[in-house]
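Colleague: Before we discuss the assignments, may I see the sequence and the structure?
Modeller: Certainly; they are shown here.

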Amino acid sequence: RKSYTAAVYEHAVFTLPLAEIENKTVALSVMKQNLQVYETATAEAKKKGAEIIVFPEDGLYGFEFTREVFHYFTEDIPNPETQPGWNPCKDQHPGDPTNTPVQYWLSCMALNNSIYLVANVGDVKYCNVKSDKLCPADGRYQYNTNVVYDPEGRLVARYHKQNLFMGEKLKYNQPHQCEYTTFTTPFGKFGTFTCFDVLFREPPISLVENYGVDNVVFPTAWMDVLPLFASVEFHQAWAMGMGVNFLSANTHRASLRMHGSGIFTPQGAVVYTHDTTTEQGRLLVAKVPILKRTPIKSTYRPYKNMPLPTDHEAQTAIKFQAEVFSDLFDFVTLPKPSGSLTICQKAVCCQLNYTFEDSHSGGLYALGAFDGLHTREGQYYLQICTLLSCANSSTDSCGQPTNIAKSRFKNLSLSGIFNTKYIFPEFLTTDGTGHDLANGQWLYDDGMIKVNNTTVKPLLSATLFGRWYQRDNDFYLTGASARKSPMVLALNLVLYNVLFNLLY
Ligand SMILES: N[C@@H](CCCCNC(=O)CCCC[C@@H]1SC[C@@H]2NC(=O)N[C@@H]21)C(=O)O
């Protein structure tokens, strides 16, 4: 057997205003409405031959809640490791008040369609503030949770999100210990983690390297941030960088830039959606190769033979610094019609060889390097080489989010030297209407992004996105905040604490 069929559903969540969710009954009715959409999607996926379906993060209730209101959406879900074989569809009676109705519905959906089903739900664990020093003041741990049901309706996996994003810390708890959650199917070993987790080493990297996972199921509620953090480019890059299949289901809320789901393999996407214009859900179904476990190739490349710019380029290439998502990159502009450029920042050096397809077409492009601790919306150490289309003809605009790309390249190769082997290759083209991953038009080979024949659409960005995980806990002030005055930092800290106390 060489392949299996997978489905992901990008779901436009039905929600109610916070004030209307007054009790558990209202919360259940909200979830029931969303579950009805899940039911139709699951039946449709099964009809198309899917053996597994993935639903998005927060897909049953949305994310605009307080900790108290979120409690109404939670259920106490057993641990499948200590209570294997739990089958709510078979074991529970629908009218029983001790039920976990959401788990009942999900389990029946899996059983009735004979399919593996992955959903993101709320799990609650009650604790005693007197005997458990870590127990939150309200007496409960609330977790952002993935559950997996097998085709018999049994709960086979439960995962609590480790790396909570921004506002999530107000309503969810971080598990005391990172969980490594896997399940085995007739078509491969799977691991699961959630959204912001993908930026970090634990659990994602360990799941692949130490637990033998070669398929990932990934519920997410991901907001695009161009040019480096757009959903489909980032999730495809992770699949390619780690050499795994990656089934990503995003919540759909175009007004928040939350869109973009796909089924990605180590060779790139087999299917994906990036719908910025409607507020509708969408089912994706595709065949996925069953992978033979191969150790991840190291993409760490020692520094050697970096050619210096030619005289011509030295005259016309301009060096400058500009921010990309608050990180200060060193850039060099691309002279036309062709060239060979290098740019370095600290230990990272990036090299680009390129020829523009049409030297008369507009558009400023720049090659950028970054080596530092990112501190905006989370702290993680990045080592990056990127070729990007600037938002306009001013160098200040290079790195600002834009959907404008004006040039195609006849050929290009982008390589770099890094201190880490964890390099994720991103590639995005556009004709201005959406994100096109240009599969089949470029290659990631030997740590290098290569285009041999002109891409169909203009290039938005090509990036070697490196993560140097060991340095994530470096002192905070080495990142973007090092450039702010101590006064501004102190004020930020006070404001943050006041806000946090008010909300919590
Ligand atoms: N805004 C809400 C909802 C959060 C839901 C869960 N989302 C995540 O875990 C975030 C995913 C990471 C997004 C990437 S990483 C940095 C960048 N910033 C973005 O806005 N998008 C990208 C809440 O905070 O509770």
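**Reasoning from values to terms**

Colleague: What is the bridge partner of Leu247 in β11?
Modeller: In β11, Leu247 has Ile263 as its bridge partner. Please keep in mind throughout that this is a predicted model.

Colleague: How do you know that β10 and β11 pair?
Modeller: Two strands pair if DSSP finds at least two bridges between them. Strand β10, residues 245–250, and strand β11, residues 261–265, have three bridges. The requirement is therefore met, and the sense of the pairing is antiparallel.

Colleague: To which sheet do these strands belong, and in what order do its strands stand?
Modeller: The order is β7-β8-β9-β10-β11-β12, an open sheet of six strands with mixed pairing.

Colleague: Why are β7 and β12 said to stand at the edges?
Modeller: Each of them, β7 (182–185) and β12 (268–273), has a single partner strand, so one side of each is left without a neighbour in the sheet. On average, neighbouring strands of this sheet are turned by 15 degrees against each other, direction ignored.

Colleague: Which helix lies across β9, β10, β11 and β12?
Modeller: Helix α7, residues 231–242, lies across these strands and runs at about 20 degrees to β11. Helix α7 also lies across β21 and β24 (459–467), with an angle of about 140 degrees to β21.

Colleague: What is the strand order in the open sheet with antiparallel pairing?
Modeller: That sheet has six strands in the order β14-β15-β18-β19-β24-β21. What makes β14 (319–324) and β21 (423–429) its edge strands is that each pairs on one side only. From one strand to the next, the twist averages 20 degrees.

Colleague: How do you know that β15 and β18 pair?
Modeller: The requirement is at least two bridges, and four bridges join β15 (residues 327–333) to β18 (residues 365–374). The two strands are therefore paired, and they run antiparallel. Asp330 stands opposite Ala369 in β18.

Colleague: What makes the approach of Lys161 to the ligand a polar contact?
Modeller: A polar contact is a pair of N or O atoms within 3.5 Å. An N or O atom in the side chain of Lys161 is 2.8 Å from an oxygen atom of the ligand, so the pair satisfies that limit. Two backbone cases can be set against the limit of 3.5 Å as well: a polar backbone atom of Glu168 is 3.2 Å from a ligand oxygen atom, and a backbone N or O atom of Phe196 lies 3.3 Å from a ligand oxygen atom. Taken alone, the ligand exposes 600 Å², and the protein buries 92% of that.

Colleague: Which residues come nearest to the ligand?
Modeller: Of the 21 residues around the ligand, Lys161, Gly167, Cys195, Met223 and Glu377 come nearest. By class, the shell holds 13 nonpolar, one polar and seven charged residues.

Colleague: What is the omega value of the peptide bond from Glu202 to Pro203?
Modeller: Omega is near 0 degrees, and the bond is cis. Pro203 is found in the loop between β8 (188–192) and α6 (204–210). A cis peptide bond also joins Leu226 and Pro227, with omega about 5 degrees; Pro227 is placed in the loop between β9 and α7.

Colleague: What is the phi value of Ser114, and where is this residue placed?
Modeller: Ser114 has a positive phi of about 45 degrees although it is not a glycine. Ser114 is in the loop between α4 (101–113) and β4 (116–126).

Notes
Residues are numbered from 1 along each chain as its sequence is written. This is a predicted model: local features need pLDDT of at least 70, side-chain atom pairs count only at pLDDT 80 or more; totals for chains, interfaces and linings use all residues. Side-chain values use heavy atoms; hydrogens and water are left out. Axes are lines fitted to C-alpha atoms, for helices over the stretch in contact, and angles run from 0 to 180 degrees between N-to-C directions. Contact means heavy atoms within 4.5 Å. A residue is near a molecule or strand if one of its heavy atoms lies within 4 Å of it. A polar contact is a pair of N or O atoms within 3.5 Å; within protein, one must be able to donate a hydrogen and the other to accept it, and residues adjacent in sequence count only if both atoms are side-chain atoms. Accessible areas come from the Shrake-Rupley method with a 1.4 Å probe; for residues, only the protein chains shown count as cover. Ala, Val, Leu, Ile, Met, Phe, Trp, Tyr, Cys and Pro count as nonpolar, Asp, Glu, Lys and Arg as charged, and the others, Gly among them, as polar.
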